[in-house]
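Student: Could you go through some charged pairs with me? I'd like to see how the labels get decided.

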Amino acid sequence: MAKRDYYEVLGLSKGASEADIKKAYRRLARKLHPDVNPGDKAAQKRFQEVQEAYDVLKDEEKRRAYDRFGHAGPGPVFGGGFDPRGAAGTPGSGGFGGRPGFEGFHFEGGDLGDLFGNLFGGGRRSPGGPHAGEDLRAQIEVPFRDAVLGGMASLALRGERPCSTCGATGRAGKGVCPICRGEGVVAESERVRVRIPEGTENGGAIRLPGKGGAGAQGGAPGDLYVTVRVTPHAYFERRGNDIHGIVPITVKEAYAGAEIEVPTIRGPVRAKVPPGTQGRQKFRLRGQGVKDPRTGGAGDHIYTVRVMVPKTVTPAGSDAATLLDSLYDADVRAELPKGL
Ligand SMILES: [Zn+2]
């Protein structure tokens, strides 16, 4: 289910004052508090919803971010709908973030008078002349593979534009404009494609020039900085520019040597297991890790072998194991520190 608008949760409109927000919260909190509604799951859920909405709207900074970014901004949960094929609006295969991220645009820098004057050509002039739009921030979640190899993501931006039906007055005749419901502005959304460069790190930022807040009086728009959060991979782990993984092998493969297939982020690679390989031994496949965008070099793929012993025990198996046991050069525990 789509997350409800925080203002709607508190029964307020977007322009609500701080006092309105506090009042609405107190009223709802009293009504929905778990102490008042023991065992009522619905009330409990509503209470949490109200609490969350209040936590954001009471904080001036968080509220501003929410007004611009919607649920994508202030909360720990965001979702840039990842879009590996570039089809707008399709959530990616990474299995995260159903809800697209939102960003506000066109309403930064100057008051509404400035903005409207700007958009409608003419109108009021601010004494400062043109000034550039503010830089904005958004977050996007990207699957591990696309961060390492590069890919495309898309981010839905939310903003408002003046209502053309009523000329942004909010009025229609003697009543309220039915299109913008008296707000003078209507919601508008825009989907922006974001190129994820190869080797992008968790927490890395991508700058989208001109996608920030609109400038006023002909000032240039600001930039949008998109912070990338990389979804951890179920198998691969990135450390610096190296990628680590574990590869199970059999006792025979470890003892006699073998050629096996090692999964890497760039696809399977044939690799030799040398005879006499030990459990937890590490091997390196050079250049199969993350390409460093700064140096152009690539990290390595490092895999650790795990020797798997058959769980089915038979007399013949035990005989084979006894034979192997006779082949150790020394006591396997000879190098344990003494006096533990
Ligand atoms: Zn209108």
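Here is a chat about salt bridges and buried or exposed residues.

Tutor: First, this is a predicted model, where local features need pLDDT of at least 70, side-chain atom pairs count only at pLDDT 80 or more, and totals for chains, interfaces and linings use all residues. Residues are numbered from 1 along each chain as its sequence is written, and side-chain values use heavy atoms, with hydrogens and water left out.

Student: Why is the pair Glu259 and Arg270 called a salt bridge?

Tutor: The rule asks for a side-chain nitrogen of Lys or Arg within 4 Å of a carboxyl oxygen of Asp or Glu. The closest N and O atoms of Glu259 and Arg270 are 3.1 Å apart, so the pair fits the rule.

Student: How many salt bridges does that rule give?

Tutor: The count comes to 14.

Student: What makes Glu259 partly exposed?

Tutor: Buried means under 20% relative accessible area, exposed over 50%, and partly exposed in between (1.4 Å probe, protein chains only). Glu259 has 42%, so it counts as partly exposed.

Student: Asp292 and Arg294 also meet in a salt bridge. How do you know which of Asp292 and Arg294 is buried or exposed?

Tutor: Their N to O distance is 3.7 Å. Asp292 has a relative accessible area of 11%, so it is buried, whereas Arg294 has 67%, so Arg294 is exposed.

Student: Which residues are joined into one network?

Tutor: Arg4, Glu8, Arg46 and Glu49, through salt bridges that share partners.
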